[in-house]
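Reader: Please take me through the reasoning behind the terms that are applied to this model.

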There are 2 protein chains.
Amino acid sequence: MSSQVLVPWSDIGSYGELPARLAVRVYDGIGEPPSDVSEVEFYVLPYDRGPEPSKLMARMPALRAVQSLSAGVDSVLPLLPEGVRLANGRGLHDASVAEHALALILAAQRDFPRWIRQQDAAEWSREHTRSLADCRVALVGYGSIGRAIKPFLDAADAEVIPVASTARPDENVRGVDELRELLPTVDILVLVLPDTASTQGLIGAAELAALPDDALVVNVGRGRTMDTEALLAEAKSGRLRAALDVMDPEPPPPDHPLWTTDGVVITPHIAGGSASFYPRAKRLIVEQLRRFASGDELLNVVQ
Amino acid sequence: MSSQVLVPWSDIGSYGELPARLAVRVYDGIGEPPSDVSEVEFYVLPYDRGPEPSKLMARMPALRAVQSLSAGVDSVLPLLPEGVRLANGRGLHDASVAEHALALILAAQRDFPRWIRQQDAAEWSREHTRSLADCRVALVGYGSIGRAIKPFLDAADAEVIPVASTARPDENVRGVDELRELLPTVDILVLVLPDTASTQGLIGAAELAALPDDALVVNVGRGRTMDTEALLAEAKSGRLRAALDVMDPEPPPPDHPLWTTDGVVITPHIAGGSASFYPRAKRLIVEQLRRFASGDELLNVVQ
């Protein structure tokens, strides 16, 4: 007897052999969901498609396991039916977020907003820029994404100071309790933090004030870890710069100063969603389907 | 008796001890040059200040050595007085050019022109982008700058194919004669070539046609190594994309399609001139002054 699985891609079979006993159906999260999902036993939530895909779980009485493709599953948990296993997408976005972090740092240090605006105006005006080379960079949040950012900074001849919730002296990782004394010494502060009770507002007015003049603040974690008003006050005065993929509020309302403040670059929370995500996600799903069909424990189970 | 040297920075003494027998004067290439340069024996040409600094050599009868801070000295050679030694700035710009190359690649792959224009319009519209991860990148020109770019690409989980004038199988470097067969296999083509008889027009219509659809062409070497018209034809059709710090003509006239063609990002030849250059340049000059004062051979002598 076959088990029904619902995945977001029709080409999943080209990423590895699928167990013969699975009947694979496709729902990409954009079009109309399949009308009858009553026999779906394994459901891979389409990535980054809003709340609709999660609501579908309520119509899946045969459901045994759900795979999220995000690292954070806060929005899925309240809708997860009793007794259903949930696995997350830990690691799938690391490469994508890490290279976007570097893209933000370099865009800011090497003045890309200026060059793009100049190009739009057909204007050739040259000026030497800042570098990433020789900068001292605090990498706050040192999980798998932070670790994926570090080799870029090493390649750039920058000095990296990893900071995690607890110091790990054997890896040269500093504890977050040392942050206040580190901040005055760094040129670039990169935040790669989840949104938790202990990270919310971690970077407030006092922390920003501790940074030296002209420092760059980068956020690819979650917006609420930083006090937006305090950041904007420092940016407006010309003292600090920022490059943000996440922010608070998100998205900013049309008249919010995040759009218009000099020295602030924003991208619309797209760090994790680049092409590199898909092959990694599809390879994970092939492995998860193999495990599901064989009755083996899934990877990345969070509940 | 002291020897007079003319350098572009007044703070050179903070980068190392200067020999006591040198009388150091300063000319930064922007203001009026010193009126009497008749006793200058060692002249460090101000960087990136146009042709005026080189012309000053004609008024230096005591001149024994000239230090350029560029790698290319084509514009200095015709003005170099008979019998005067010339040293170049080889290596000083490697870190700066390498990180700008990566900035161009990431700006193009991760759609930064779009995000910056959206920010200007207070528009939050999200779309998944290309990645650098998993891309196959041909690095054409594999001297010190190419070698400085490679660690960034390694960090990005990209596959790097270095290409030099001659194959070096022990280093996995391919010869330029293999380029035509490599081009159909690469996602990104990065040019890091000097302007010489053998590199001019190296990338023409046939080479560009050999690239796969949606490939990105990056140039941080010299503009004349690529056929601009052929590139623009491929970009206009939407088949190829480009991110260029150097181009031909440079600068493009105001009505040139380099400014306006979709998928083409240009920066105004600023890859080499970022903050990381200065400490490296000043440390080199301290060492050169020490050698000059002791009668030792200078570093980087080209003539």
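**The interface of chain A and chain B**

Author: Between chain A and chain B about 5100 Å² is buried, and carbon and sulfur atoms give 60% of that area; buried area is the accessible area (1.4 Å probe) that two parts lose on being put together, summed over both. Gln119(A), Trp124(A) and His128(A) supply 16% of what chain A buries against chain B, more than any other three residues. This is a predicted model, in which local features need pLDDT of at least 70 and side-chain atom pairs count only at pLDDT 80 or more, while totals for chains, interfaces and linings use all residues. Side-chain values use heavy atoms, with hydrogens and water left out.

Reader: What makes the meeting of Asp134(A) and Arg280(B) a salt bridge?

Author: The term requires a side-chain nitrogen of Lys or Arg within 4 Å of a carboxyl oxygen of Asp or Glu. The side chains of Asp134(A) and Arg280(B) meet at 2.7 Å, N to O, and therefore satisfy that rule. Across the interface of chain A and chain B the rule finds 10 salt bridges.

Reader: Why is the relation of chain A to chain B called that of a two-fold axis?

Author: Two copies of a chain are related by a rotation about an axis and a shift along it. Here a turn of 180° with a shift of 0.0 Å along the axis lays chain A on chain B with an RMSD of 0.1 Å, when the copies are superposed by least squares on the C-alpha atoms of residues with pLDDT of at least 70 in both; that is why the relation is that of a two-fold axis. In chain A, the C-alpha of Phe152(A) is nearest the axis, 2.8 Å from it.

Definitions and conventions. Residues are numbered from 1 along each chain as its sequence is written. Chains are lettered from A and ligands numbered from 1 in the order in which they are written.
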